[in-house]
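Here is a friendly look at the salt bridges of one protein model. Please have the structure open while you read.

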Amino acid sequence: MGLVGRNKAALLGGAAIAVLVGAHAAHAQEAKTTEQDKKPRVTVLQRLVVSAGVAKVAIDTPQAVTVIDQEDIDQKQATTIGEILKTTPGVQVLGSDRVFGEAFNIRGIGATENSADAARIVVTVDGAPKFNEQYRMGSFFSDPELYKKVEVLRGPASSTLYGSGALGGVINFTTKDASDFIAEGDRGAVRLKGAYESNGNGTLTSAIWAHRFNDAFEVLAQGNWRRSNDMEKANGVTLAGSEFDAFSGLLKGTYRIDDEQIVRASYQRWDSDADDQPYTQTSTTNPAAGFGTTDRHVIDQTWVLSYENEAADNPWLDLNVNLSYSDTTNSQSGNPNAPALPSTGNTAILNDTDYGYKTIQLKADNTFDYTGESFKNFLTVGFQASHQDRVADRPSGAARLTAHPEGQENKLGLFAQNEFVWDDRLTLIAGARTDFHSMDPSDSIPGAKGIDGTAFSPKVAALYKFNDNFNVFGSVAHTERFPTLDELFSTAGAPVARGMSLDLKKESSNNYEVGFGASTDNVLGLDNTVSLKVTAFNNDITDGIRINPFAIGPTAPYYVNVSKINIYGVELEGSYESEYVFGRLAYTHLKGEYPDGWIGRNAANTIAPGTTLETIPQDKLVLTLGGRLPEHGITLGATTTFAFRPDYFTPIAPVPFNPASQAAGDGPSGSWTRVDLFASWKPTEGQFVGWEGQFGVQNVFNADYRENLLNDRSKGRTFKLTLAKQFGYQ
């Protein structure tokens, strides 16, 4: 049997199992409703945000936030994490479409090879911080099937609760729970799922078992196998290095001590072992050309133990404690096709190496609630302590890896945030955080020394509701980011020699936001809801850290501080919801520049004041329009993305700031339009209850384009089909 036959067999086999089991279950019980089926009809902006302080809906949060729920994730039939976020305003997936090459950009902050961008955007899984930084690799490795919700908090105001340095913002991933699948009155549930996509002949096989042992204790176990051959671009060229085979899983237990106290424990794993992968996953038209191929085994693991105590009868107690351990490893071996002299001159990066980040964190916070006749006040205080090891284990006698310096990082953050609500109209939020930081390089790095420091992150935000339909908001936030191990201790040899950057200053950000939110019901006398939120911001960054493009030599620092970086823009998010028709709108307009320019060694190395920042994504307008037939459980729709011509930036010699900039990669980037279709079937009554089908066509018209922060041209037209069956038991 050929590859195509095997892939289709995997889908049909999973569906056949679901049919047989489902047929048996259909006679065993009547249709029942799970927690996921109980959601009221709300717009995107009326979804609950739980990660920005006191829980509130997005439109009433004085910060730009987006909540992506389970329905959105299912509808996208995402193969990679990046596909979940592609319609979120202010967010750009960068690097590549390869599972080993994805990273994030929020509001023009983030790049794959231009210093430590993973440190500028905080990414968490169930509260556990995720971090990976390796030359020409992505920063996050996981599978969309593991998650039921993603929250995106844009801007540095999130630094108060999540840690100094979140210049771009925060992305929080929440894994699934057993209660999401167990219907009322049932003891447990099983969900089987199979998916197929035409581009790359990719398949997904997934199984979930959720069981409630008693009223207090429940467990979810999930396993996924996702694979694909090399995908094809719209221009007919193979997307080199896109072949993968990945297993992922989640084991999660929830114990309810009483109605208010909850303990959760979870273990998550993503595992992909790929031979003959291009060394570079994030850049160049032909990734295998400059560095050859290598065998990679990437394993990402996350352990989380959490405790919650809402204590409804005690206004002085609302406690959350989260202990987590994250372990991301990349075992790299064998480079039979490596060129004799790579362009970097650093052949050590091609040798066998076990790269890794291991992070343990303890975070705790408590909210004190004080309510008066016409006001409510919530004071949250807490701490966050973490220890991170960065490793690059090499064979005995191998040369030290100068591009991936080993070391340890310790952080302790103390924070407080007060939220005052008067008459349910005026909300005032003030917060401050102090982080204590130490960086200890490995003893194997000659001349390196430990670095200590503190960072301060205060903010003030306000929102005023004129009525139930209209509000205005604004905020001022400051944060500071420590240099990372990469930025402090990386060195490089000929032909582009660089030394350590021990004199780097902290990056500082001052961010200003204003905006408004509007929502109304029964427009034109119809049963509907329309919501709109508009946010304008200006982010001034001082002492921004960048690769040094001006000087060559062992005494020249690898990284330097830029005096000023300015990023400003507007984000718009809108939604229309009715029983039969829905629509969504997301628009992002960003500008970024070096206001003072840079003074280089000579005219060829000098950047003029006002030069465009190389990490600014092109402006986008994303429109979704769809319809529902609720009596049949059918949803149909189309998403159209309009991308506008980017501001171009030409890298300067000898080293470009970012090889993924607009002037590099798989051809130039211009304006483009893309159309995606989607359809779903989820009956709510009758003999097919528990079945679910998803169908989609991505890039319907096979548009050939390149997003300006991606290196590769667009994937070609892709048909996707998903079948799932869930049944409960008593």
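The text below goes through the salt bridges and where their partners sit.

This is a predicted model, in which local features need pLDDT of at least 70, side-chain atom pairs count only at pLDDT 80 or more, and totals for chains, interfaces and linings use all residues. Residues are numbered from 1 along each chain as its sequence is written, and side-chain values use heavy atoms, with hydrogens and water left out.

A salt bridge here is a side-chain nitrogen of Lys or Arg within 4 Å of a carboxyl oxygen of Asp or Glu. By that rule the model holds 40 salt bridges. Three of them are listed here:

| Pair | Closest N to O |
|---|---|
| Glu 571 and Arg 107 | 2.9 Å |
| Lys 506 and Glu 480 | 3.1 Å |
| Arg 481 and Glu 507 | 2.6 Å |

Helices (H or I, at least four residues) and strands (E, at least two) are DSSP runs, numbered from the N terminus. Glu 571 belongs to strand β26 (residues 559–578) and Arg 107 to the loop between β5 (102–106) and β6 (121–125), so their salt bridge ties together parts 464 residues apart in sequence. Both Glu 571 and Arg 107 are buried, where buried means under 20% relative accessible area, exposed over 50%, and partly exposed in between (1.4 Å probe, protein chains only).

Lys 506 lies in the loop between α6 (485–489) and β24 (507–521), while Glu 480 is in strand β23 (residues 470–481). Lys 506 is partly exposed at 30% relative accessibility, whereas Glu 480 is buried at 14%.

Arg 481 in strand β23 and Glu 507 in strand β24 are 26 residues apart in sequence, and both are buried.
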